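Got a new structure open and not sure where to start? Let's walk through it together, one piece at a time.

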Amino acid sequence: MTTTAPTPVDLAVEKVGGRIGAVISGVRLGGDLDPATVAAIRAAVLAHKVVFFRDQEHLDADSHEAFGRLLGEPVAHPTVPSVDGKYAFAVDNDHGGRANQWHSDVTFVPAFPAFSVLRAEVVPPYGGNTLWANTATAYAALPEPLKVLAENLRAVHTNDYDYAAARPDAPTEELLQHRTVFTSTKFRTEHPVVRVHPETGERVLLLGAFVQRLAGLRSDDSRALVNVFQSHIERPENTVRWQWRSGDVALWDNRATQHYGVDDSDTHERTLRRVTVDGDVPLGVDGRPSTLLEPQAVPEPSYGIASGASTDGEGARD
């Protein structure tokens, strides 16, 4: 089904999945888009959670960042340094391109990104697809007893997880990069398992690969419950799979999705660039905000760590 966005601009929005995903055509992305077009794109991504644009080869690091800036304030990764001061973060075979894990971007800090904009530069001849899952429909489809349970749970997210266990076949240099760069500063943040989306009002499940444990529970109980809720997120009807072409751009609502980069392109090069747009501190159904647990003192503001996020010393590892 093809529909036209209800704005003065001529954007075609074609759904690619029943619960998530749409292709937008009729627009050339960049920092010079008019407000009506930006509003139409924002409305589409809020409705469909992830939207795709074909044939955007004209974009470079600057225009990619300029487009992201129309959606909000671009933000650097809290531990991985940027190249030449640009916000276009590298996602390739050596830098997070072989994720093979369901996650939302950077949930180990309180105000993790609201939107992510991913641009394909070099695409392998096969494989290397990305999947997204709708965490709002995953919550909505839960049986009522599981909804009540989830709404009363909080989860500790961290970037200091066992990468070797998650990626047992990862080369030594990749493991070294994870230890020395990705976890150069160790973060732990306690989020509600169900957050209220600040723009749509939807209730969404907030979990993924950065979850260390559920607060206040034994490790085995925590693991079992996380697996229950995560399995609902990953149900096929909540997902969409995108086969990349060079010049493609994916824009997703990081507050209402998880994604998974499939590592099945062997040694072929796969190079993408990501710009993230700053978000806000999540609120649970009870109105309680997310809480930064570690570090307690942060030298510079990043991802809302030093402003709008409370800190305390609770939440030690089981």
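What follows is a tour of a helix, some charged pairs, some aromatic rings and a few backbone oddities.

A word on the ground rules. This is a predicted model, so local features need pLDDT of at least 70 and side-chain atom pairs count only at pLDDT 80 or more, while totals for chains, interfaces and linings use all residues. Residues are numbered from 1 along each chain as its sequence is written, and side-chain values use heavy atoms, with hydrogens and water left out.

Let's begin with helix 1, residues 35–48. Helices and strands here are DSSP runs numbered from the N terminus (H or I and at least four residues for a helix, E and at least two for a strand). Helix 1 has 14 residues and reaches 20 Å from its first C-alpha to its last, close to the 20 Å expected at 1.5 Å a residue. That expected span is 1.5 Å times one less than the number of residues in the helix. At the N-terminal end, aspartate 34 acts as a cap, with a side-chain oxygen 3.1 Å from the backbone nitrogen of alanine 36.

Now look at which way the helix faces. Thr37, Val38, Ala40, Ile41, Ala44, Val45, Leu46 and His48 are buried in helix 1. Buried means under 20% relative accessible area, exposed means over 50%, and partly exposed is anything in between (1.4 Å probe, protein chains only). An α-helix has 3.6 residues a turn, so residues three or four places apart point the same way. The buried residues of helix 1 pack against several elements, including strand 2 (12–15), strand 3 (22–25), strand 7 (115–122) and strand 15 (249–253). Contact here means heavy atoms within 4.5 Å.

Step off the end of helix 1 and you land on lysine 49, whose phi is positive, near 75°. Lysine 49 sits in the loop between helix 1 and strand 4, and at 2% relative accessibility it counts as buried. What does its side chain meet in a salt bridge? The partner is glutamate 202, at 2.6 Å from N to O. A salt bridge is a side-chain nitrogen of Lys or Arg within 4 Å of a carboxyl oxygen of Asp or Glu. Glutamate 202 lies in the loop between strand 11 (194–196) and strand 12 (203–205), so this pair ties together parts that are 153 residues apart in sequence. Unlike its buried partner, glutamate 202 is partly exposed, with a relative accessible area of 28%.

That's one of 19 salt bridges found in the whole structure. In another, glutamate 190 meets arginine 154 at 2.5 Å, N to O. Glutamate 190 is in strand 10 (residues 188–192) and arginine 154 in strand 9 (residues 154–158), 36 residues apart. Both ends count as buried, glutamate 190 at 12% and arginine 154 at 8%.

Strand 10 also holds arginine 188, and glutamate 294 is in strand 18 (residues 291–294), so a pairing between them ties together parts that are 106 residues apart in sequence. Their side chains meet in a salt bridge at 3.0 Å, N to O. Here glutamate 294 is partly exposed at 31%, whereas arginine 188 is buried at 13%. Elsewhere, salt bridges that share partners join Arg42, Glu199, Asp253 and Arg255 into one network.

Glutamate 294 has a second story: its peptide bond to proline 295 is cis, with omega near -5°. Proline 295 is in the loop between strand 18 and strand 19 (310–311).

On to the rings. There are 8 aromatic pairs in the whole structure. Rings of Phe, Tyr and Trp (its six-membered ring) pair if their centres lie within 6.5 Å; planes under 30 degrees apart count as stacked, over 60 as edge-to-face and the rest as tilted. Why is the pair of phenylalanine 52 and tryptophan 132 edge-to-face? The ring centres are 5.3 Å apart and the planes sit at 70°, so the pair is edge-to-face. Phenylalanine 52 is in strand 4 and tryptophan 132 in strand 8 (residues 130–134), 80 residues apart. Phenylalanine 52 is buried at 0%, and tryptophan 132 is buried at 0% too. Ring pairs link Phe52, Trp132, Trp242, Trp244 and Trp252 into a cluster.

How values were computed:
Polar contact = N/O pair within 3.5 Å; in protein donor to acceptor, adjacent residues only side chain to side chain.
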